[in-house]
Amino acid sequence: MSDNMHHQWLLLAACFWVIFMFMVASKFITLTFKDPDGYGAKQEPVILTAVTKVEEAHKPEEERWPEEFQPTGKAFTGNLIRQPLVHMERLELLRNVCRDAALRNLSHTSVSKFVLDRIFVCDKHKILFCQTPKVGNTQWKKVLIVLNGAYSSIEDIPENIVHDHEKNGLPRLSSFSDSEIKKRLNLYFKFFIVRDPFERLISAFKDKFVHNPRFEPWYRHEIAPGIIRKYRKNRTETRGLQFEDFVRYLGDPNHRWLDVQFGDHIIHWVTYVELCAPCEITYSVIGHHETLEDDAPYILKAAGIDHLVSYPTIPPGITVYNRTKVERYFSGISKRDIRRLYARFEGDFKLFGYREPDFLLN
């Protein structure tokens, strides 16, 4: 009897010893595979890391980018949570509208040479900037000129150099080979700026056909007469191009035959979709002219260049949407012509969150 009890106690002790050793071993395994640099962070199973590395190791050679194309700067952290909410909402809105089949004809375009000609390249800092005229593009060009090393500061850049693409040191994306274009589109920080579409058209009209500060005579002497001949209703009217003529031209579904004659000068009034292909190219940031005081520093920081250059000082009130001005310019335009104009630019309004004008709803 005593021998049996002795054996049972030995067996019980042996069981406790096995259980104890198993607990110690488990603790050792857990500590061994814990990421020493991941304290306080959620731990991923070790097998996921191993699989990722295996996939990277077997990535086809043509998909491995050379060192000069490896992304740099703060924009490539991949952590969207760090972006201010407004920028996340803008990109989400863009994605949703791009998926809207009903707006496809107004939101999609091919990444043609015309689009690639609009995109300026800064290889040194891996940045692509799509030019959208009449939204402060001159200042962004100055920023890129400095970053490319052509001038040491924005103040040193002569005004006549900024738009001289033979001398300003800003290569266009279209100047690269197809493979180099693809690499830059995939890896570089990409951005452009938008503005209320109708206010931008007013700015283009005033700048090119009224004031013409850079003395570009072809707008008044070649483009304006072409628009007047086709779209002016009162043939006895002898004044220069009026905003009503301009709106009628832009809203005409058959405007393209004149666009071809006008060439690249149309960049000042074609849609953002036609200029930058936002549904085909995945942009990192979309700035708004109305909030440029906040957006400009954010873009510089997101691109990792805020310590190298600053956006030029913005005069007070210059970026504020001027509703009174917009309503005044459109007050003499027929509802039919305004609706046709809106029909062409509806994609821009929807993609970038601009409200349909109240005077169009009345």
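The points below concern one strand and several salt bridges in a predicted model.

1. Strand E3, residues 189-194, is largely enclosed by the rest of the structure, because six of its six residues are buried. Phe189, Phe191 and Ile193 point one way from E3, while Lys190, Phe192 and Val194 point the other way, and a lysine is thus listed among the buried residues.

2. E3 has pairing partners that include strand E2 (residues 127-130), with which it pairs in the parallel sense over three bridges, and here Phe129 stands opposite Phe191. Strand E4 (residues 285-288) also pairs with E3 in the parallel sense, over four bridges, and Ile193 stands opposite Gly287 in that strand.

3. The whole structure holds 22 salt bridges. One of them joins Asp295 and Arg90, whose closest N and O atoms are 2.8 Å apart; this pair links distant parts of the chain, with Asp295 in helix H14 (residues 292-302) and Arg90 in helix H3 (residues 85-98), 205 residues apart. Asp295 is buried at 3% relative accessibility, and Arg90 is buried at 13%.

4. Asp252 forms a salt bridge with Arg340, the closest N and O atoms being 3.6 Å apart. Asp252 lies in the loop between helices H11 (243-251) and H12 (256-262), whereas Arg340 belongs to helix H16 (residues 335-351), 88 residues away. With a relative accessibility of 10%, Asp252 counts as buried, but Arg340, at 28%, is partly exposed.

5. Arg355 and Asp358 form a salt bridge at 2.9 Å, N to O, in which Arg355 is exposed at 62% relative accessible area and Asp358 is partly exposed at 23%. Elsewhere, salt bridges with shared partners join Lys134, Asp207, Lys208 and Glu216 into one network.

Methods:
Residues numbered from 1 in each chain as written. Predicted model: local features only at pLDDT ≥ 70, side-chain atom pairs only at ≥ 80, totals over all residues. Heavy atoms only, no water. Buried < 20%, exposed > 50% of the residue type's maximum accessible area, 1.4 Å probe, protein only. Helix = DSSP H or I, 4+ residues; strand = E, 2+ residues; numbered from the N terminus. Pairing = 2+ DSSP bridges. Salt bridge = Lys/Arg side-chain N within 4 Å of Asp/Glu carboxyl O.
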